[in-house]
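Below are some notes on two contact surfaces, one between chains and one between domains. Please read them alongside the coordinates.

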Amino acid sequence: MNKQHNKAKKFGMVIDLDKCTGCGACMVACMAENNVPFKADETNKLDSITWLRVYKLTNGKSFPNADFCYLPRPCMHCEGSHGHSPCVSVCPATATDYSHETGIVSQIYTRCFGCRYCMAACPYHARYFNWWDPVWPEGMEKYLNPNVSVRMRGIVEKCSFCYHRYQLAMEKAYYEGRREIEEQEYQTACTQACPAGAIVFGDLDNPEHAVHELKKNPNAFRLLERLGTNPKVYYISSREWVRQAGDNYLRQEGKSEKN
Amino acid sequence: MKVSRRTFLSIGSFIVGGAAGTALSPLPWKLTDDLSIWTQNWPWTPMPERGEVSYVNSVCTLCPGGCGISVRKVNDRAVKIEGMKGHPVNDGGICILGLSGLQLLYGPTRIKTPLKRVGEKGQGKFKKISWDEALKEVAEKLGTLRSEGKSHTVACVSGSACGTVPQLLKRLLTVYGSPNFMSVPTMQDAYAVTLKLMHGVDACPGFDVENADFILSFGSGIIEGWGSTVRMFKANSAWQDKKIKVVQIESRMSNTAAKAAKWIPARPGSEGVLALGIAYMMLRDGLYKKEVCDSAAGFEDFRKTVSENYAPENIAAATGIEKETIESLAKEFAGAASPLAICGRGQGHTPGSQYEFMAVHALNALAGNINKAGGVFTVPDPKYIAWAEPELDETAQKGMSSPRIDGAGSETYPHAKSLLNRLPPAILSAQGECPVQALLISEANPCYTLSDTQTVKKAFAKIPFVVSFSSYMDETAQYADIILPNHAYLERLEDAPAYAAGLSKPVIGLSKPVVTPQFDTKHTGDAVIALAKALGDKVAAAFPWESYAACLEETLGDKWKSLNEKCFAVVEESIEAPLQFFKQECKPVFAEGDEKQYPFVLMPYDSIRLANGFIGNTPFLTKTVPDTVLRKNDIFVEINPKSAGGDSLSLREGSAVMLTTPKGSAKVRVHLSEEIMPGVIAIPRGLGHTAYDKYLAGKGINCNELIGPAEDSGSGFDAVWGIRAKLSSVSI
Amino acid sequence: MSKPVDHKKEVLGDGSGGFAILFFLLGLVASLIVGWVVYPKLLYSQKNQPVDFNHALHIDLVDEGCESCHFFREDGTYSGVPKLAQCIGCHEEVQGETKDEAIFVEQYVKQGREVPWLIYAKQPDCVFFSHVAHVKAGGMDCVTCHGHIGESASLKVYEENRITGYSRDIWGKNISGLKTNTWDRMKMDDCSECHEEKGVNATSVQTGKGACFVCHK
């Protein structure tokens, strides 16, 4: 048997906030792809499970100088230092793991016992706890995707960068006698759905992938970079106040704020 | 009983031996393993069945945008909707509503069998009946009315007038003997009247957004669902790449305004005035295409009217915009190579005032970009429905010669094809017998979407016989006497003319069944053909088709094959559109209510995350609604903090308050926002359903309950955009 | 043998020592019987396949071995147990003389019903098992995991764990969990044993072995 080492990849995203319209298609694409459940009342956003959530940032100015910007937040798949992302470091059940092969932080639902240490550790609120069993109205369970396990009450779940799509893309590659996949063969559901084309996904280390160049954009930044989480999701905004909002700057710190 | 030492030792030894034996057996280890596995796989957690993956291409018909979709199936289950690559409208993209369509297909709001009302009208109590019974009952009722000479009292409301199913309904009414076929008006209708008046053509508007290089939007929600959603999103991103400027004129900072290069908060309702103010500057400074306009009919009159009334200083008070801003806007607009001015508020699901549409279209005319790359196109009807003229019997001829109940096409309203907004008042103001004895409703939910829904519901309760073809238990279906449920959109074969795609050429789509019908439903096309056959004679003769599928195939003729393969066809047709400036005097539509009594202006706003038309919001969409719009069942209205402190109110974020308009009042909560002009209250459209399921019903209030219709003096459409309102304290 | 007994007798001072040992042995034997014999019988329910299928007979008739019926789809996914549509080619009418074929044709083919086969090797929902990665990329054969089922003339009884709902083949026939052949057991440890040995994607930060997302979903 051949050794199955594939070339190490670092999958990541670059999200252009200038293009993001805040429409929420990414959220719904994610929910539809990943069998995310829903309740009759989802207005308490603390217990509303959305692997990818679109936040609204405002510049704090008054009318008519007010401005706002949407910011989609998937799991950042933090690399931390050598894969020691905040959540992976605290998991006592080995339910969440960082893979050097893909750079993806995994969450194994059958392994998780719901201690929620990872939720406390995650600075991005990217993890969600199942306070209830998922219930689909009669007949609606027909649309569930067999490639993603349905989660049960009492465990934590989060964005997986649609890892199952990587698995399926690799299956096709193996079938065709390849060991590597093309950029377009593995795309997350949110990237595929975004009608504005604001999300770009790929291998951050692969010069042939679009994200490799995009992340070098002078307007690119990552969220809470100072914490050393080393996230793999980059954002681009031409507005300085948005870039500043991305990290925990103090009021007087950093560059002067312009309109 | 005394336990002897021996007995005690024996029992003890047995237990110890048992424990030792158990430990040496696989029982405890295997049991522990099995129990832990059991706790990881509760039997009530669904395990989706695996299987072969396939894709079915179709066209989404949740809105008239005409996007191509590709539905992923696992065995015979549809599991995900994705955008179709290579489709001329959306090329792989998809909107939030289209993505969640499977929740409609498999959702609890589906009507599963034909139903007959058993409770009071509007109560929503029905019993199941068979298709034979249901069709027989409807045919008998229609037959009786016809034999009594009341054929003209039968009316039909269809979500659209385009496509074979609406046309079959219209044909049924015609041969039956009623002129009262109505469709739900949108901005497309207001644009159609504009194109008729300014070019003398029957056409839909097309907007070459891909090639425009300056966009002046009068409140159009470019990225909130205006036009064909995905196409506009893609255009918006392309503008960002090409640094093309978008200027958004709107009193509330919508997503479009936030993304635009410039947001100009004009007073609500003053958009048309502002457009003519820009026209004034263009005319004054000679910044218009003289070679196009000077020779156009009515141009001198237009120039005179604008020059006399729309100088910046004259309109500053009405618009709240300074002269310099208007001046620079005019310069930028006229200076661009392919400037494009668009209107139709928000998603454009309601027609606007003729005054405003003509004023904005006049800007395009002055810029000389009608039927030019980057401009506005007059898109002809694809005209693929060419059925033989039906033969009318005497009853039908008599019925067809009676006046329309909504007055459309009459001397007062010569331009509108139908005026649904005039139906409820016509019913309520009639003396004696209800002028509508039977009403057929297809793909429309007027009891929710029309202004002043309380009045609409009163009118519907008066109609003796209402037949709904709805696939979902919506507010209007609840008023039905008989429901003949249509297949859901992913279950049926149907043409989907993308009349709102806004491309420069007409596009026809073909919606194909992705899954077999899940319930005992019937294609409305087949139901109409069955009704016609049951009515017999010349009515039946006008429907020679064996089934709807046969009718569709015959209708599409030589287009059928390629449509069946690709799901779309672009029709290479264009139309000459000579320019003429309007002579008829149109007036702006003002907000109803006394300014002193009602100090605020209440404006509904559209959100891409809230479907607000015939299709109710899906659970996924409702889940994405922010908690600054809906919390528990409380709706939030947006108000500027400057407006919130006045009088005795001193509102804070989340304060409950009574919102009152001349049409009614409702308890709402307040979201303080700097993104809205002081004096304006914005309320989301799409909430406050009373029908559907627990995922939608009872959440917030329907803005249409607080807003009354405002009939446009030019077209007769309901051109309402807001109403005056006041806030008062409420005890919780 | 008698010495320790004597010793105990001395300590205990009466005849109860013998009883104690007797009862100890009784308890030991009884619990060993329960644990090794009764418990497995209670734990697993026995189900017969709806139709008895003769692999040996069919494999002689096809050209490409197992893959003739258990094939890969073009997207690389594995088709698993054949659907009715694949059988109809030959079995539209009864071909041979076996009772099972008659049942198959009458009850399933003619009525267009899929056969509810019980799948011995079915992994739980949380597992993503890629056949193509093992067979095509890894060059493994079917026997390594599935044993010699392809040579069997008859389908064995399907045993279902009453607690977990899993097929017995996952834990293995041997209730103590011991295995002699690679195909005897198919639990996570068995997968990881091989993965570790071959060094498959040893990229996990947590364990230094194979990452979880290699085989889980």
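**Notes on the contacts**

1. The chain A–chain C interface involves 30 residues of chain A and 29 residues of chain C. The model is a predicted one, and the totals for interfaces use all residues.

2. On the chain A side of this interface, two elements each supply at least two residues: β4 (96–98) and α4 (163–175) of chain A. Of the elements there, α4(A) gives the most, with eight residues.

3. What is the make-up by class of the side of chain A that touches chain C? Polar residues number 14, nonpolar residues 11 and charged residues five.

4. Chain B is divided into four parts: domain 1 (5–40), domain 2 (115–183 + 387–486 + 521–544), domain 3 (188–379) and domain 4 (600–729). Domain 2 is given as three segments, and the range of domain 3 falls between 115–183 and 387–486.

5. The centres of domain 3 and domain 4 of chain B, taken over C-alpha atoms, are separated by 27 Å. Their contact draws 23 residues from domain 3 of chain B and 22 residues from domain 4 of chain B.

6. On the domain 3 side of that contact, the elements of chain B that give two or more residues are α7 (187–199), β12 (339–346) and α15 (354–366). The most comes from α7(B), with three residues.

7. By class, the side of domain 3 of chain B that touches domain 4 of chain B holds 12 polar, seven nonpolar and four charged residues.

Terms used: Residues are numbered from 1 along each chain as its sequence is written. Chains are lettered from A and ligands numbered from 1 in the order in which they are written. This is a predicted model: local features need pLDDT of at least 70, side-chain atom pairs count only at pLDDT 80 or more; totals for chains, interfaces and linings use all residues. Two residues are in contact if their C-beta atoms, placed from the backbone, lie within 7 Å. Helices (H or I, at least four residues) and strands (E, at least two) are DSSP runs, numbered from the N terminus. Ala, Val, Leu, Ile, Met, Phe, Trp, Tyr, Cys and Pro count as nonpolar, Asp, Glu, Lys and Arg as charged, and the others, Gly among them, as polar. Domain bounds come from an automatic or database domain assignment.
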